[in-house]
Amino acid sequence: MIPRYSRPEMVAIWSPETKFKIWYEIEAHACEAMANLGVIPRENADAVWKAKDVEFDVARIDEIEAVTKHDVIAFLTHLAEHVGSEEARFVHQGMTSSDVLDTCLNVQLVRAADILLDGMDKVLAALKKRALEHKNTVRVGRSHGIHAEPTTMGLTFARFYAEMDRNKNRLEKARWEVATGAISGAVGTFANIDPAVEEHVCEQLGLRPEPISTQVIPRDRHAMFFATLGVIASSIENVAVEIRHMQRTEVLEGAEFFSMGQKGSSAMPHKKNPVLTENLTGLARLVRMAVIPAMENVALWHERDISHSSVERGIGPDATITLDFALHRLAGVVDKMLVFPENMLDNMNKFPGLVMSQRVLLALTQAGVSREDAYAMVQRNALKVWEERVDFRELLLADKDVVAALGEEAINEKFDMGYHTKHVDTIFKRVFGE
């Protein structure tokens, strides 16, 4: 991923230096386990650990690979240059390349998931803070982009919180799903290596042994992982689109923080554009790009092929780095965004009282008017509000049929805003448990 949309903590997980360090640890722990079983001499296993502080030379490994055309063999050759050819002769015994590659990939994905979970915690904290701050800040709810009934800004933040909390739970499960390792040898039968080696390596790396592998770890696990990243990205976009709507000039119920010295347009000095949330929409698309290829990786020929390999070399770093950046950007946007309660009330009152139409409809049916007649009575007055911007309540009070059914006092009572916010505490308790 390009540096513009990257954070160093996540980038480091996918660096060649980190990858080779993990490869080394896999090989060293495997040798240690084989020595414990008496399969190889203890002194050879101990000799491998001489390289524990080595910074492997990426350029040198690439130079060897240019000849061998095999990345794992190139690494093992370079490792022998540090350990000694005789001392390293039992390294990789009974193993196949996928034992190293797949186990390493899953270590990287687990580490990436931990960073992503930290980012999700930051998003959740920001959403909760703003939800509590605007718990009773009334704004109009919209369906199909049209004014519906009153809600609160706090409920808007709360529903995004609940969605992200579900996503955190999904990511925790996806992390667990992908946290397996395989040191099972060619076609996964353990013919040339004891299953105890796999158990030892996985324990040392914080993984579980894959119950049954072929020559590769089953890719349904990875499909689940990347699908989860795609869902999280879509939820980020869900929040971003709402903020982008709020920042529209005609709406202006909320806006991204605009810092001192910031410029909105190279041509129009008055502009304040929602560039961060527009960026988040774009980044979400990039993360979702990984989902279909990850699912297509599930179907591999027989005990293995490498059609998945080139895909994962791309989507592994790209999807996790992009999502990590997006989570931290979203947390900052939510934490610092501006909210304009007065504009929310002004917007709701552009069509005075119209958002109370359902309550009047229900009151009429409860007063004995048929639903069809009640709907017609309310709608004929509501349409005048649309067309003439007159006050809905005044129209109802002037409508003899409505007054006859309800009375003036009951009509006035139907315009109490508290009616729509009376269960906010209940919803908050469900979401936040407090």
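User: Where in the chain is Lys69 placed, and what is its phi angle?

Analyst: In this predicted model, Lys69 sits in the loop between α4 (58-68) and α5. Lys69 counts as exposed, because its relative accessibility is 65%. Although Lys69 is not a glycine, its phi is positive, at about 55°.

User: Which loop holds His302, and is His302 buried or exposed?

Analyst: His302 is not a glycine, yet its phi is positive, at about 50°. The loop that holds His302 runs between α11 (291-296) and α12. With a relative accessible area of 68%, which is over the 50% cut-off, His302 is therefore exposed.

User: How far apart, N to O, are the side chains of Arg313 and Asp71 in their salt bridge?

Analyst: The two partners come from distant parts of the chain, with Arg313 in helix α12 (residues 309-336) and Asp71 in helix α5 (residues 71-83), 242 residues apart. Asp71 counts as buried because its relative accessibility is 12%. The side chains of Arg313 and Asp71 meet in a salt bridge with an N to O distance of 3.0 Å.

User: Which residue forms a salt bridge with Arg219, and is that partner buried or exposed?

Analyst: Arg219 forms a salt bridge with Glu312, and their closest N and O atoms are 2.8 Å apart. This pair also links distant parts of the chain, since Arg219 lies in the loop between β4 (208-209) and α9 (220-246) whereas Glu312 lies in helix α12, 93 residues apart. Arg219 is buried, with a relative accessible area of 3%. Glu312 has a relative accessible area of 8%, so the partner, Glu312, is buried.

User: What is the distance between the closest N and O atoms of Arg7 and Glu9, and how does burial describe each residue?

Analyst: Arg7 has a relative accessible area of 18%, so it is buried. Glu9, with a relative accessible area of 42%, is partly exposed. The two residues form a salt bridge in which the closest N and O atoms are 3.4 Å apart.

User: How many salt bridges does the structure hold, and which residues are joined into one network by shared partners?

Analyst: The structure holds 25 salt bridges. Where salt bridges share partners, they join residues into one network, whose members are Arg139, Arg142, Arg159, Glu242 and Glu253.

User: Which helix gives the most residues to the largest nonpolar core?

Analyst: In soluble globular proteins, nonpolar side chains tend to be buried together. The largest nonpolar core here has 103 residues, and those with the most contacts inside it are Ile26, Phe75, Phe226, Leu229, Ile236 and Leu323. The helix that gives the most to this core, with 17 residues, is α6 (residues 97-133).

User: What does Ile26 contact, and how many residues make up the second, separate core?

Analyst: Leaving aside neighbours within four places in sequence, Ile26 is in contact with Met95, Val100, Thr103, Cys104, Ile183, Val201 and Leu205. The second, separate core, which includes Val355, Leu364, Leu395 and Val402, has 24 residues.

User: Which residues does Gln108 contact beyond its neighbours within four places in sequence?

Analyst: Gln108 is found in helix α6. Gln108 is buried, because its relative accessible area is 6%. Beyond its neighbours within four places in sequence, Gln108 is in contact with Ile13, Trp14, Lys19 and Ile22.

User: Is Glu210 buried or exposed, and how far in space is it from Phe56, C-alpha to C-alpha?

Analyst: Glu210 is placed in the loop between β4 and α9, and its contacts beyond neighbours within four places in sequence include Thr180, Glu198 and Arg221. A relative accessible area of 5% means that Glu210 is buried. Glu210 and Phe56 are 154 residues apart in sequence, and from C-alpha to C-alpha their distance in space is 28 Å.

User: Which residues form a nonpolar patch on the surface together with Leu383?

Analyst: Leu383 is in helix α15 (residues 371-388), and it counts as partly exposed because its relative accessibility is 37%. The patch has about 270 Å² of accessible area in total, and the residues that form it with Leu383 are Ile146 and Trp386.

User: What does UniProt list for residues 352-432, and how much of that span is helix?

Analyst: An unreviewed UniProt entry lists residues 352-432 as "domain: Adenylosuccinate lyase C-terminal". In the model, the end C-alpha atoms of residues 352-432 lie 34 Å apart. The span is 0% strand, and its helix share is 74%.

Methods:
Residues are numbered from 1 along each chain as its sequence is written. This is a predicted model: local features need pLDDT of at least 70, side-chain atom pairs count only at pLDDT 80 or more; totals for chains, interfaces and linings use all residues. Side-chain values use heavy atoms; hydrogens and water are left out. Patches are made of residues with over 30% relative accessible area and no salt bridge: like charges are joined within 9 Å, nonpolar side chains (Val, Leu, Ile, Met, Phe, Trp, Tyr) within 5 Å. Accessible areas come from the Shrake-Rupley method with a 1.4 Å probe; for residues, only the protein chains shown count as cover. A salt bridge is a side-chain nitrogen of Lys or Arg within 4 Å of a carboxyl oxygen of Asp or Glu. Helices (H or I, at least four residues) and strands (E, at least two) are DSSP runs, numbered from the N terminus. Buried means under 20% relative accessible area, exposed over 50%, partly exposed in between (1.4 Å probe, protein chains only). UniProt positions are given in the numbering used here, feature names are shortened, and annotations may be inferred rather than shown by experiment. A nonpolar core is a set of buried Ala, Val, Leu, Ile, Met, Phe, Trp, Tyr and Cys residues joined through side-chain atoms within 4.5 Å. Contact means heavy atoms within 4.5 Å.
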